[in-house]
Amino acid sequence: VGRCDLPPRTIQSAVRCIGQEIKPDVVVWLGDNIYGSAYNCSKQANIDVLTEVTRLFKAEIGVNVPIFPVLGNHEGYPVDTYDVRSLEKESWLLNATAELWNEWLSKEALIQYKKAGYYTQLCPFESKLRIIGLNSLLYADNNQFTMINSTDPLGQIKWLENTLAAAEANSEFVVIITHIPTCCDRGTEGSTTRMLTLYERYSNIIKGIFTGHYHTDFMRVLRSAKDGKGFGLEFIGPSISSFERVNPSFLVMELDAQTYQIQEVAKYVMDIKETNKRNVTSWKHSLNFTSYFNLKSVTPNEVSKLADKIEREDYWYKRFCENYVTNTTKAQDLIALGKDGQHFFACMMKSRSSLAFAKCVNYSFLNFWEEQLYWVMQIFQTDWEDLI
């Protein structure tokens with residue numbers, strides 16, 4: 001919401017479509033609401049944006065629909081930072097957002113959230129469905145503060161273990177929401193390895209892991225460290241933002257009312273060229289995941305087969321690219337990569353961890369540390385409101 005991003009009316013039209021046309025039972029809001037020029041932000045500017053987007057959700061969807069939000073890496077100030085040295089360091093953000101979201105979250109969830117940005121809550125009308133909202137900046141490799149403690153900053157993973165154990169003991173099912181996925185190059189290895197171990201141990205009750213961050217649309221198979229078999233899926237959803245060079249979109253998940261197993265994933269898209277041509281904002285149902293990719297079900301086994309087809313067959317790689325960046329000219333750039341692109345995305349969908357992904361694509365860790373150095377330089381060249 002701001003310079004270099006979509007105008008507020010576009011975001012309002014998306015939220016209105018969700019509220020009036022989709023009419024969901026539950027909404028998960030996966031973070032990153034601050035506009036692209038993140039280093040020119042301030043704490044107050046970030047809160048102002050969060051306040052406005054929260055107002056839109058309440059106005060267009062209403063307070064009677066459960067909405068579960070999590071923080072993205074752009075909510076902090078400066079961008080990509082979350083100070084893990086004490087619970088008080090980020091109280092400016094947690095207290096403000098807790099106040100904004102107090103109509104959606106329970107008293108117990110808010111108390112936990114205000115400590116370190118993660119929480120859990122039973123879905124109000126589903127006594128056996130538990131939502132777990134994680135603070136992904138506590139395991140994100142682009143948060144330099146995780147260098148202080150890359151294993152379990154602010155006790156989130158131990159808390160996650162206890163929460164999952166209690167859910168299993170109470171015969172509950174779980175949906176996990178977080179901004180940054182555990183895959184590829186965006187999670188510290190120590191934290192994400194422990195998280196994946198927990199995801200595998202409690203795969204009998206975890207029915208979905210919903211993430212964002214990449215602004216693109218794909219899934220990845222979570223694999224066992226023991227035998228490599230898939231035990232779950234991590235959904236990396238697209239964005240209402242057009243950053244960068246993609247059509248805005250969002251996903252609608254259909255879950256079985258008894259088992260909470262994901263039955264279908266539908267995608268809704270706003271075509272920017274068509275909108276600008278007609279000067280009318282329109283969100284259309286673009287595809288259903290199973291029919292688009294010719295899958296029998298939304299399961300690890302079927303998505304593993306899809307990853308294999310993407311690597312082997314040009315037809316399925318083309319369809320993957322067009323969905324990945326939501327039918328834009330950017331898809332042609334990816335398709336042009338040919339076999340290299342096919343192998344890269346197959347690795348992204350099938351690798352267990354960031355190290356496994358790096359090995360799969362022969363990724364140079366020199367490039368990784370060069371990237372880290374770049375971000376450090378960007379931070380220290382920026383005027384901060386106060387010194388960390």
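**Entry 1. Aromatic cluster.** I looked first for aromatic side chains that group together, and I found that one aromatic cluster is formed by Tyr 214, Phe 218, Tyr 317, Phe 320, Tyr 324, Phe 344, Phe 345 and Phe 357. I note that the model is predicted.

**Entry 2. Ring pairs.** I then looked up the aromatic pairs, of which the count is 22. I recorded Trp 29 and Trp 101 as edge-to-face, because their planes stand at 65° and the cut-off for that class is over 60. Their ring centres are 5.7 Å apart. I traced Trp 29 to strand E1 (residues 27–29) and Trp 101 to the loop between helix H3 (91–100) and helix H4 (107–116). The two residues are 72 residues apart, and the pair links distant parts of the chain. I found both Trp 29 and Trp 101 buried.

**Entry 3. A stacked pair.** I turned next to Phe 250 and Tyr 268, an aromatic pair that is stacked, with 5° between the planes and 5.5 Å from centre to centre. I placed Phe 250 in strand E9 (residues 249–255) and Tyr 268 in strand E10 (residues 262–269). This pair also links distant parts of the chain, with the two positions 18 residues apart in numbering. Are these residues buried or exposed? I noted that Phe 250 has 9% relative accessibility and so counts as buried. Tyr 268 is buried as well, its relative accessible area being 18%.

**Entry 4. Lysines over rings.** Finally, I looked up charges over aromatic faces. I found Lys 58 over the face of Trp 104, 5.7 Å from the ring centre. I also found Lys 309 over the face of Trp 316, at 4.0 Å from the ring centre.

Terms used. Residues numbered from 1 in each chain as written. Predicted model: local features only at pLDDT ≥ 70, side-chain atom pairs only at ≥ 80, totals over all residues. Heavy atoms only, no water. Phe/Tyr/Trp six-rings, centres within 6.5 Å; stacked < 30°, edge-to-face > 60°. Helix = DSSP H or I, 4+ residues; strand = E, 2+ residues; numbered from the N terminus. Buried < 20%, exposed > 50% of the residue type's maximum accessible area, 1.4 Å probe, protein only. Lys NZ or Arg CZ within 6 Å of the ring centre and 35° of its normal.
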